[in-house]
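Colleague: I would like a close look at one part of this model, and then how that part sits in the rest. Please keep it to what the coordinates show.

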Amino acid sequence: MDPQAIGLTLRLAATTTALLLTLGTPLAWWIANGRGPFRAMVQAIVALPLVLPPTVIGFYLLVGLGPTTALGRAVIHLLGHPLAFSFAGLLIGSTLFSAPFAILPLVAGFQSIGTEYVEAAALLGASPLRSFFDITLPLARPAILSAAVLVFLHTVGEFGVVLMVGGNIPGTTQTLSISLFDLVEDGRYPEANRISIALLTVAILGLALVYARPQRRHLA
């Protein structure tokens, strides 16, 4: 297997996971506790990658980050190069495409926490922020673990979005899934099989970690 593709894939998966947990946790908490039609619209937008072909997301990112749009030209002027066909472009695409795999488990986790815990903390004088860090986050730990594992595994296996946004540049944007595609195209099935077995093994172990965790019971 290509060490560069392995390193790039792990770097992309780890960075995407960290970014989505950081940005997705407060958004998921707001969705879980929010009210009104705007909340439903945000939740629908978050879930879009579950039903849209990855090539659609990749296409709009490719156009939006390119020189044909004001945003793309501003980015090029600021960075000196377009985000497309770069690691930063891959990260943006992966973050958007993997968002539901982080936010939806977190929303379910926050919604499963009984309100009596937070209410009891408020009666004892805890501020909402302290209750969130001292009570809500610890109780949502299983959901956070699930979100982290799902995002990591999903990013490792991404193909359509990373190919559309990043192309196939060895050492820069060529992930394991794209390397696998190249090997199959070249008829190098034994090498393709080794990558496939590695990806399958990682996926099974990761999902086993999610499903093997003990189920937490809470008061209704």
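What is the relative accessibility of L52, and how does L52 count on the scale from buried to exposed?

Modeller: Bear in mind that this is a predicted model. L52 counts as partly exposed because its relative accessibility is 30%, which lies between the 20% limit for buried and the 50% limit for exposed. In the chain, L52 sits in the loop that joins α2 (37–47) to α3 (54–64). L52 also belongs to a nonpolar patch on the surface, together with M41, I45, L48, L50 and V51. The area of that patch is about 560 Å².

The whole protein gives the setting for this loop. The model contains 11 helices and zero strands, so the order of elements from the N terminus is simply α-α-α-α-α-α-α-α-α-α-α. The C-alpha trace spans about 65 × 45 × 25 Å along its principal axes. Of the 220 residues, 40% are buried. The surface exposed by the protein is about 12,100 Å², and carbon and sulfur atoms supply 71% of that area. Of the contacts between residues at least 6 apart in sequence, 73% join residues at least 24 apart.

Helix α2, on one side of the loop that holds L52, also takes part in the interior. The largest nonpolar core has 21 residues, and A28, I103, V107 and F110 have the most contacts inside it. At least two residues of this core come from each of α1, α2, α5 (87–111), α7 and α8 (141–156). The greatest share is that of α5, which supplies six residues. I103 shows how such residues meet: beyond its neighbours up to four places away in sequence, I103 touches G24, L27, A28, I31 and V46. There is also a second, separate core of seven residues, among them L90, L91, V162 and I178.

Another helix that supplies the largest core is α7, and two of its residues can be looked at in turn. F132 lies in α7, which covers residues 128–139, and counts as buried because its relative accessibility is 15%. Apart from residues up to four places away in sequence, F132 touches T25, W29, F110, L137 and P138. The C-alpha atoms of F132 and P26 are 10.0 Å apart, although 106 residues separate the two along the chain. T136 is also placed in α7, and at 7% relative accessibility T136 counts as buried. The contacts of T136 beyond four places in sequence are W29, F110, I113, V118 and S131. W29 and F110 therefore appear in the contact lists of both F132 and T136.

Helix α1 (residues 3–33) holds T9, which counts as buried at 1% relative accessibility. The side chain of T9 reaches the backbone nitrogen of L176 at 2.8 Å. Leaving out neighbours within four places in sequence, T9 is in contact with V156, T175 and L176. L176 is itself one of the buried residues of α10.

Helix α10 (residues 176–185) is largely enclosed by the rest of the structure, because seven of its 10 residues are buried. Besides L176, the buried residues of α10 are S177, I178, S179, L180, D182 and L183. The cover over them includes α1, α9 (160–166) and α11 (189–212). I178, one of these buried residues, is also a member of the second core. Just after α10, G187 takes a positive phi of about 75°.

The charged side chains add one more detail. Side chains of opposite charge can pair when their charged atoms come close. The count in this model comes to one salt bridge. R188 and E191 form a salt bridge, with their closest N and O atoms 2.8 Å apart. R188 is partly exposed because its relative accessible area is 36%, and E191 is partly exposed at 29%.

To return to your residue, L52 is partly exposed and forms part of the nonpolar patch with M41, I45, L48, L50 and V51. T9, by contrast, is buried.

Terms used: Residues are numbered from 1 along each chain as its sequence is written. This is a predicted model: local features need pLDDT of at least 70, side-chain atom pairs count only at pLDDT 80 or more; totals for chains, interfaces and linings use all residues. Side-chain values use heavy atoms; hydrogens and water are left out. Helices (H or I, at least four residues) and strands (E, at least two) are DSSP runs, numbered from the N terminus. Buried means under 20% relative accessible area, exposed over 50%, partly exposed in between (1.4 Å probe, protein chains only). A polar contact is a pair of N or O atoms within 3.5 Å; within protein, one must be able to donate a hydrogen and the other to accept it, and residues adjacent in sequence count only if both atoms are side-chain atoms. Contact means heavy atoms within 4.5 Å. Patches are made of residues with over 30% relative accessible area and no salt bridge: like charges are joined within 9 Å, nonpolar side chains (Val, Leu, Ile, Met, Phe, Trp, Tyr) within 5 Å. Accessible areas come from the Shrake-Rupley method with a 1.4 Å probe; for residues, only the protein chains shown count as cover. A salt bridge is a side-chain nitrogen of Lys or Arg within 4 Å of a carboxyl oxygen of Asp or Glu. A nonpolar core is a set of buried Ala, Val, Leu, Ile, Met, Phe, Trp, Tyr and Cys residues joined through side-chain atoms within 4.5 Å.
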